[in-house]
Amino acid sequence: MRRRAFLIGTSAVVTMAMAGGRVALAIPGPDELIWAEDLPGTLDPHALSDVPMQSYMINVYDTLYVNRENPPKLEPWLATGHTISEDGTTVEFKLHDGVKFHDGSPLTSEDVVWSFQRMLNVKKGPAAAFLPVLDPSSVTAPDKTTVVFKLKKPYAPFVAATPLVAIVNRRQIEPNIKDNDWGQVWFASNAAGSGSYIADISTYQPVQQIDLKRNHDHFMGWSDNKSPIEIVRKRTIAETTTRVNALIKGDVDSTDSYLPVDQVERVLASKTATVSKDQSMRVMVLRMNNKKAPFDNLNFRLAMSHAFNYKGFIDSVLKGFAVRNPGPIPFNLWGAPKDLAAYDFNLDKAKEFLTKAKAEGAPVDREIEIHIQEHLAQTTQAAQILQQGCRKVGINLKIVPNLWPQLIASTAKSDTTPDMWVHWVSSYFIDPENWIGQMYDSQFQGTWKASAWYKNDKVDALLREARGLEDQGKRQSLYEEASRLVVVDAVDIWIYNAIELRGLSNRLRGFHFTPIGSGADFRSMSLAS
Amino acid sequence: MTRFVLHRLLLTIPALFGLFVLTFIMMRVLPNDPSAALAGENATPAQIAAVRKAYGFDEPLWKQFIIYVEQVAHGDLGNSIISNRPVLRDISDRLPATIELTFVSLAFAACVGIPLGTLAAVWYQSLFDHVMRILTVAGLAIASFWFAIILQMIFAMELDWLPLRGRFPEGLAPPLHITGLYLVDSLLTLRFDQFGNAFVHIILPAFTLSLAGLASIARFTRAGVLETMQKEFVHYAEAAGYQRRRIIWVYVLRNSVVGATTQIGLLFGGLISSAVAVESIFDWPGVGSYAVNAILTSDYKAVLAVTLVVGVIYAAVNILVDVVHAWLDPRVAETL
Amino acid sequence: MTEAAPRLEIRNLSVAVGTDEGEARILDRVSLKLMSGSIHGVVGESGCGKSTLMRAILGILPKRGRETEGNVLLDGRDLLTLPRSVFRTEIRGGQIGFIPQDPYQAFNPVFRVGTQLLETTRPKAGGNALNAKADIIALLKAVQLPDPEHALDRYPHQFSGGQRQRLLIAAALASSPAVVLADEPTTALDVTTQAQILKLLRGLAEARGLSMLFVTHDFGVVAQLCDTVTVMYAGQTVESGPVARVLAAPLHPYTKMLLACHPDRSAALSGIPGAVSSPLRPPSGCRFHPRCPSARAECREAIPRTSVHAGQQKVCCLLYEEVERI
Amino acid sequence: MLILKKFLRDVPAVLGFCIILAMCLIAILTPLIVPDLDRVYDGDLTSRLLPPSADFWFGTDNLGRDVFARVIVGSRGALEVALSVVALAIGIGVPAGLYAGYTDDWGSQLVMRLTDVFLAVPQLILALSIAQLIGRGVNSAMVALALTYWPFFCRTVYGEVRRLRSALFIEAQRSLGASMPRILFVHILPNVASAVIVRATIGMGFTIMTTAVLGFLGVGATPPNPDWGLSVAEGRDYLPQSWWAVTFPGLGIFITVLGFNLFGDGLRDLVDPRLRRSR
């Protein structure tokens, strides 16, 4: 008897549940954007500076300057403008008046000073671009709307780098400081910004999800967007296949900006979604450790440069969604020489150079290791393409899977740096300094960007001079000359400048790509009904 | 009974402490310097060295261990080196999702596996038995990560019957947090709509996960029933005129299942293991997908914490299983 | 002596089972009669087919590769022709009650005693669980179990062997059966308990007019309890008759030797040389001839027939066939 | 002979045995089946992700390599890894189990408590953390699996030895003054061998599966290894259009594991009359 009652009860519940369950399969709400791009590892914008952080930060925080459009243009944002002293060491910003943080308190020059000081003291993420030229004490606020930076030496990319630094709300963070940590533990899962969207911390699940609500009181107003999106739900979907399926099914409105090329056709064939294809500034590099034999031999490096099937990789593997980039600077940025001759895939030449290298005593027969980032399939594919070329010319290349944290740790010393490794140099800030400057000036050795361990006094001099000059025309010719030099030296194997592919739902309007944040600026977006 | 539980607890503690030491040694002795990850993407060598000092990684190993033991004694498994958040908090936030998933899978596996196994034993060496054995072994041989993808393609994409991913529809408020198990909480608050939502979301991942468990359960039920059928009391029950249905489905089965309860601990371990891949594919916000993320980011503190927490849960489940076993079979507790 | 209709009659029952090594004839033309209100003993060494006989009567022989011939008549109805379903609903736990050999093994350890005792009355009592329970408790009193009211809620391992046997006797009687089969119900018990149980059975049989088939290997038990007896050897009946007669004047050499083995019956304990023959390859002729002290040449070839002595004692031996013929 | 007859009647077990036999043959004959290793490692980028055809029986993968050739060569790797892991685990587990089972000193306690530690976490979880810590690659995956699998052998042997220790024939040897190693290896080992063999057979299937999971999660084999788990992981981004790149390696795992499990089950039925079952 009891059992029968139980059975009836259970079936009743399940039936009701199934009836209710139909609701569950409905698509997202009409004014809610579901953005399936990975969440940053932490919410602290001073602790991290990677692509997921950029796409979060540009919405929740404001910065002095911002990059917009593609190719990107630097525009004043919190600042109304800036002036640079004659000697190039004093930079003064004027701020907008009446800017308010999400908690209603005013954003003044004091907050800008404190934010920069915090960033410099935390010494993570964005700090690397500033630490060599800026001390925490040399950021000052003479009045409520003026911030002054005293640089240790002239540093031309300074203003271009300010979009890296989120201006945070000191009044919210200070009460949560423990053990002089600048509030790092608290801030890792909290927000204190002034940006166009407000992070709803109650919805935050680390790595997994966070909801953003529109900031109706944003200082820029919303006159440029008639129907802005009220709620943005940021979701991490770890598996690529699941993410693409969710887009096609209509569960989410976007993928990240690394949609696999083989999924493009499938997304385009669906009735629900499309693909945005945007030329970015992200250069793929196969690094060579120039301090380790046989890579200290120019002919060997040349052999390697000719052993990679660039066209096959770009046309077949990437289905043309990338553009050959012959040098370290993205071709669509000033400073990249237009006439730069790219190395081609030529096994005969490779063999020739290899023979020369061998004749010069380079240990070309040893096993060469190339480290890949294992969760990024493209690094594997690139390494495998090189491996195929190497097999044919008789170079023994071994692929070693690795991870970002281990890799950047290993690049601290030349003897722990792998023979070769695969990575991209993305746009952290839009200036040749972000690429060639930090990659080939020997003073940066020990950081991952300079992991070629290349030292050429001439290149050093050119890059250092360019860094100190304000005039972009002069800088451009210096960078072009430096580019030619490193290409002649075949320091690394530069492959392509990425075209970013992002799956977007058909109802999304107003997506504007810019290399920083990969177009995840929700301010301009709206949803068609 | 209390003595029995205490005894089991005492047996578990040294093993867990051993695990704790083992994982610590693994994490620290191996050539993995977490300082670089801590220092951040654009860090200079000097910054990395500073971090190393700040976190005490330059201290001798035994000293690091003592510091660590002290932390853990205060219920602190440290902060994630990636997110700087307390790992224990992140894990405990995600734990209910994993527990819900594994228990639903286990329940499903038991509901289907026990009758299948029993029938196979009753029809020992028949065609049904052979087919069932091959099918269950096949269930153990299917890679769950592969099967998960196939199920998604069929039921979420082609047929569009079931949700593709996640635990609850985006944008809808999840059930009131009482236990953290959506299915339970929604029923407790009589929100049948929420129950329905939670239910349709759990079907695919739970089914994927249950496959191996189902196969194991069917196998050991079959073995248990075969063994029990040889018992004297079954012959007696037959001779004394018990109904055959009752003999098999009540008397034999109860004994077989009582014997098999001890296997559930092992099974649970298998489920947790499969959950690592399955959660990640179905985007289930549990400990498994957390572990995958921790591995991919080399977050050694998170990996250590996951290992320890899984160890503790595993031990707890095993103790629970033993207690249930003692309760089902009144002789067990008394032999102690 | 007028021949009343027997309660249970077995006529020429043969059971053969196919095994890996060929067909084994476990029972070979077994016959016996159990009269109403009497206790009939079945005696033999282990392996002589006693248990198979029990199973055949209860209809629980293993299905596979089995062949049965002959008749098992319960009140004149042939059980072997009954469909399995009728067997299940009417015979076992209905018209035939069963007392097993080993009270320690017969209970399922993880169920309460009450659940198991009430199981046999389940189909008959219908929804009236209260009545069935009261009936069982009354029976428990009848079998002299201490504290019968609370016994049903306890687990088997909480009872002693004797108590368990009493519980099982109660279970066998629960359906008021026409016939009770007892399969060596005292062998697993110590001597004192054994005596108590036998006494109880005797008392119950008298009080309730039970017809009981009592299987044992112990002539002492037969002497105490039974009215009539059948002696079996290697799947065959070798001798049967009233207990008093068989004990006093055994005819078959096997019976004689068996009686001689019993410590109560003879001063010298003489074992029987050899072992029971394998049912796979039974000896030709009389199955007992390899061990028989009185065996003659023809015993090896001729299959003995049953002869009747003094109208009651039947024996199956060539020695007596001759006597008859003469 | 009776055992063989009994085994032959167990249809699933015979099927399992045939699968294992076929897999071993394929692994041994790999050079004959796939004479041109270029098809395994060296794809033609212009013919990537081609569907199955007469030229490419199982299609091509994302680098234009022949999936058929890779699956075949992968079988060799899978069996090698599983054999090494099981052999290593036996190498550690069996002596440890013999020792711990036979003696009663603190060493025995230590060994058994150590197995407690290793069994305190599900095997895959522990293997995952070990493998990811000692660096990625087939070898570290193998070490991690062996390190986490030996306690199972140790426990099995320990139980059997404890049962045998008081057996008459062992007592007799002891009173004759046989040394401990002699008793252990000459007299006890043959008696525990059947239990070890059964566990090893099932362990083979289990290890192939676990290796595949490790490969899938990226802590196992490394490219360009035609490892099955890795192939599934590499191919999953190309679903559902290029189903062959995932399906055939997946089938490879499935069939091999199925073979070992069926065979192991049958062996266990033969060897262990109590029909006691565990993983």
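With 8 C-beta neighbours inside 10 Å, B:Leu190 counts as exposed. This is a predicted model, and B:Leu190 is a handy place to start looking around it. The residue turns up in the loop of chain B that runs between helix 8 (182-188) and helix 9 (192-229). Its phi is near 55°, which is a positive value in a residue that isn't glycine.

Chain C has a residue with a similar story to tell. C:Asp75 has a phi near 50°, again a positive value in a residue other than glycine. Look for C:Asp75 in the loop between strand 4 (66-74) and strand 5 (77-78) of chain C. Is C:Asp75 buried, exposed or partly exposed? With 13 other C-beta atoms within 10 Å, C:Asp75 comes out as partly exposed.

Staying with chain C, there is a pair of helices to look at. The axes of helix 8 (residues 161-173) and helix 9 (residues 191-208) of chain C come within 10 Å and cross at roughly 20°. Angles under 35 degrees count as roughly parallel, so helix 8 of chain C is roughly parallel to helix 9 of chain C. The crossing of these two helices of chain C is right-handed. Which residues of helix 8 of chain C meet helix 9 of chain C? On the helix 8 side they are C:Gly161, C:Gly162, C:Gln165 and C:Ile169, and they meet C:Thr193, C:Gln196, C:Ile197 and C:Leu200 of helix 9. Sorted by class, this contact has three nonpolar and five polar residues, with no charged residues.

Further along chain C comes helix 12 (residues 253-261), in which C:Pro253, C:Tyr254, C:Thr255 and C:Leu258 are buried. What covers these buried residues? The cover includes strand 3 (39-43), strand 9 (228-233) and strand 10 (236-242) of chain C, along with helix 10 (219-225) and helix 11 (243-248) of chain C.

Chain A brings in cis peptide bonds. One of them joins A:Asn70 and A:Pro71, with omega at about 0°. A:Pro71 has its place in the loop between strand 2 (65-68) and strand 3 (73-76) of chain A. A cis peptide bond also joins A:Ala293 and A:Pro294, where omega is about 0°. A:Pro294 is in the loop that runs between strand 11 (273-288) and helix 9 (298-306) of chain A.

That loop leads on to helix 9 of chain A, which is mostly covered, as eight of its nine residues are buried. Those buried residues are A:Asn299, A:Phe300, A:Arg301, A:Leu302, A:Ala303, A:Met304, A:Ser305 and A:His306. Their cover includes strand 11, helix 11 (347-359), helix 12 and strand 16 (493-505) of chain A.

Strand 11 of chain A, on the other side of that loop, also pairs with strand 15 of chain A. The two strands run antiparallel and are joined by six bridges. In this pairing A:Leu286 stands opposite A:Val422 of strand 15. Strand 15 of chain A has a link to strand 13 (residues 368-373) of chain A as well, and here the strands run parallel, with two bridges between them. The bridge partner of A:Ile370 is A:Met420 in strand 15 of chain A. How many of the six residues of strand 15 of chain A are buried? Five of them are, so strand 15 (residues 420-425) of chain A is largely enclosed by the rest of the structure.

Chain A also touches chain D: 21 residues of chain A are in contact with 18 residues of chain D. On the chain A side, at least two residues each come from helix 7 (240-249), helix 8 (261-269), helix 10 (310-317), helix 12 (377-393) and strand 14 (397-402). Helix 12 of chain A gives the largest share of this side, seven residues. By class, the side of chain A that touches chain D has 11 polar, six nonpolar and four charged residues.

And what about chain D itself? Its secondary structure comes to 12 helices and zero strands. The C-alpha atoms of chain D fill a box of roughly 75 × 45 × 30 Å, taken along the principal axes. Of the 279 residues of chain D, 58% count as buried. Among contacts in chain D with a separation of 6 or more, 70% come from residues 24 or more positions apart.

Definitions and conventions: Residues numbered from 1 in each chain as written. Chains lettered and ligands numbered in written order. Predicted model: local features only at pLDDT ≥ 70, side-chain atom pairs only at ≥ 80, totals over all residues. Buried ≥ 20, exposed ≤ 12 C-beta atoms within 10 Å, placed from the backbone. Helix = DSSP H or I, 4+ residues; strand = E, 2+ residues; numbered from the N terminus. Contact = placed C-beta atoms within 7 Å. Nonpolar A, V, L, I, M, F, W, Y, C, P; charged D, E, K, R; others polar. Axes fitted to C-alpha atoms, helices over the stretch in contact; angles between N-to-C directions. Parallel < 35°, antiparallel > 145°, perpendicular 65-115°, else oblique. Left-handed = near helix turned anticlockwise from the far one by under 90°. Pairing = 2+ DSSP bridges.
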